[in-house]
Amino acid sequence: MNTRTKHRSVPLSSVEIDTSKSYPRRISILGATGSIGESTLDLIGRDPSSYRVVSLTGGHNVTRLAELAVRHHAECAVIADAARYQGLRDALAGTGIEAGAGDEALLDAASRPADWVMAAIVGAAGLKPTLQAVRQGTATALANKECLVSAGAIFMAEVARANTTLLPVDSEHSAALQIMTAVPKERIERLCLTASGGPFRGWSREQMAVAAPEQALNHPNWSMGPKVTIDSATLMNKGLELLEAHHLFSLGPSELDVLTHPQSIVHCLLYLSDGSVLAQMSCPDMRTPIAYSLAWPDRMYAPTERLDLAALGALTFEAPDMERFPALRLAKEVLSAGGSAGTVLNAANEIAVEAFLARRIGFLAIAGLVEATLDGSPDLAMLKPQKVDEVLAIDADARSRARSLLGRFAD
Ligand code: NAD
Ligand code: MG
């Protein structure tokens, strides 16, 4: 019997999805060679009969992309760096897996018919491919927070227009979705995202001024790609996540908050009008939120450490320090400003993180460069682009201004 169960997707949209789709489900992963991509493939690889892998994409690492494509029997593999096309073709020779390279091939990978796509390219580079998947109506698990920070209004409008199911993968936003499904939206007073505080939580500004990339990359709780790890050290990550939550859940600045929680066990807190506070907890392993997005609206097994609160003994919380971590203040200001401020914040931050990792600027200069770029950008609140290419033009302009300011912050 064909039981066509319909589930409501709350609260991101009023879209309903048909969960009676027969297995195997067709899935694609944009950013397959990264931390989130590999974790997603780890889950899929444990139950191969339930999934068919359509497209896998990577940025530069041809060898790893080819290995993953062969292991997971992908239909096609696409490398973003067009110069590496021949390398990918050679690595896939005789496998029957299609090879592609460059921007158009990335869009093609995102366009191939699939039931579910993981959007895990890092940075604004992920915007166009992710939107392509959204426009196809493919259920989209969104790890790439920069899409929403940079182009949130346009992105969410496309999600609504295409009737796409959008499932946040960021652990705090996945937690929020898990809790919100049980609560009428009008009863939510405040959503509070937790932050680990990163490796420099107890450090003075003087210590942070001379922090090396290796120290900033040494996150106490999470194993992640370099960009998001540096963002976690500056607390820009939590700022980006406020903007992400604003777009995902239609919550305003006064309804969004951040709490430092060094153990990274409670991922989000939802304050309700009757005084209740709902929280979601799990050990810090991205396979839990990825599994939630993969199985949604069902649940699946994830091979993660089980939470042992007695062994942990205590969970602690503190207010974030915006003086030592000005990136969070900047993101809050951008959230209040609206318009294109998020596009500029994101673009300048990408340039700043890249420059810090290349040892061109110091750790404190990351927020300094972002602030200087924002300050040099007139009327961002008034700038409300209607098209992705307009956002990308603002992004490109902000990047070139940030680059031209780099000398001022150079070590
Ligand atoms: P990562 O650096 O490990 O992987 C990024 C992926 O994108 C890789 O496959 C890389 O090759 C690809 N890529 C890089 N530049 C590209 C380009 N210009 N064009 C096409 N592909 C490109 O990053 P990650 O840690 O997996 O994070 C991915 C996204 O998920 C980020 O937006 C991050 O903020 C978000 N996120 C990650 C975590 C985590 O635990 N890793 C948690 C929450 C959110
Ligand atoms: Mg997060």
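Which side chain meets that of Arg329 in a salt bridge? The partner is Glu371, and the N to O distance is 3.4 Å. The model in which this pair is seen is a predicted one. Arg329 sits in helix α14 (residues 326-337) and Glu371 in helix α16, so the contact links distant parts of the chain, 42 residues apart. Arg329 is partly exposed, at 29% relative accessibility. Glu371 is partly exposed as well, at 26%.

Salt bridges are a good way into the rest of the fold. Side chains of opposite charge can pair when their charged atoms come close. A search of the whole structure returns 28 salt bridges. One of them brings together the side chains of Lys145 and Glu241, with 2.9 Å from N to O. Because Lys145 belongs to helix α6 (residues 145-162) and Glu241 to helix α11 (residues 236-249), this bridge ties together parts that are 96 residues apart in sequence. Are these two residues buried or exposed? Lys145 has a relative accessibility of 6% and counts as buried. Glu241 has 1% and also counts as buried.

Helix α11 takes part in another such contact, this time through Lys238. Lys238 forms a salt bridge with Glu172, and their closest N and O atoms are 2.8 Å apart. Glu172 lies in helix α7 (residues 171-180) and Lys238 in helix α11, so the pair ties together parts that are 66 residues apart in sequence. Glu172 is buried, with a relative accessible area of 6%, and Lys238 is buried with 5%. Both values are under 20%, which means that the two residues fall in the buried class.

The bridge between Arg329 and Glu371, by comparison, connects α14 with α16. Through shared salt-bridge partners, Lys145, Asp170, Glu172, Lys238 and Glu241 are joined into one network.

The interior can also be examined for empty space. How many cavities of 30 Å³ or more are there? The count is one, and the volume of this largest cavity is about 60 Å³. Its lining consists of Arg205, Met208, Thr234, Arg324, Phe325, Pro326, Phe363, Leu364 and Ala367. Two elements, α8 (205-209) and α16 (364-375), each give two or more residues to that lining. By character, the lining residues divide into six nonpolar, one polar and two charged. Helix α16 thus appears in the cavity lining and also holds Glu371, the partner of Arg329.

On the surface, a nonpolar patch is formed by Met281, Leu307, Leu309 and Leu312. Together these residues have about 310 Å² of accessible area. Leu307 comes from the loop between α12 (287-295) and α13 (309-312). Its relative accessible area is 32%, so Leu307 is classed as partly exposed.

The loop between α12 and α13 also contains Pro297. A cis peptide bond joins Trp296 to Pro297, with omega of about 5°. After α13, the loop leading to α14 holds Pro320. Pro320 counts as buried, with a relative accessibility of 18%. From Pro320 to Lys185 the C-alpha to C-alpha distance is 27 Å, and the two residues are 135 apart in sequence.

Backbone geometry deserves a further look. Most residues other than glycine have a negative phi, and most peptide bonds are trans. The bond between Trp296 and Pro297 is cis. Which values of phi do Ser250 and Ser264 take? Ser250 is not a glycine, yet has a positive phi of about 50°. Ser264, also not a glycine, likewise has a positive phi of about 50°.

The two serines occupy loops on either side of a strand. Ser250 is placed in the loop between α11 and β11 (256-260), and Ser264 in the loop between β11 and β12 (266-272). Ser250 is exposed, with a relative accessible area of 55%, whereas Ser264 is buried, with 5%.

Technical notes. Residues are numbered from 1 along each chain as its sequence is written. Chains are lettered from A and ligands numbered from 1 in the order in which they are written. This is a predicted model: local features need pLDDT of at least 70, side-chain atom pairs count only at pLDDT 80 or more; totals for chains, interfaces and linings use all residues. Side-chain values use heavy atoms; hydrogens and water are left out. Patches are made of residues with over 30% relative accessible area and no salt bridge: like charges are joined within 9 Å, nonpolar side chains (Val, Leu, Ile, Met, Phe, Trp, Tyr) within 5 Å. Accessible areas come from the Shrake-Rupley method with a 1.4 Å probe; for residues, only the protein chains shown count as cover. A salt bridge is a side-chain nitrogen of Lys or Arg within 4 Å of a carboxyl oxygen of Asp or Glu. Helices (H or I, at least four residues) and strands (E, at least two) are DSSP runs, numbered from the N terminus. Buried means under 20% relative accessible area, exposed over 50%, partly exposed in between (1.4 Å probe, protein chains only). On a 1 Å grid over the protein atoms alone, a cavity is a set of points where a 1.4 Å probe fits but cannot get out, and a pocket is an open set with protein on both sides within 12 Å along at least five of seven lines; lining residues have an atom within 4 Å of a point. Grid points are joined across faces, edges and corners, and a volume is the space filled by probe spheres set on the points. Ala, Val, Leu, Ile, Met, Phe, Trp, Tyr, Cys and Pro count as nonpolar, Asp, Glu, Lys and Arg as charged, and the others, Gly among them, as polar.
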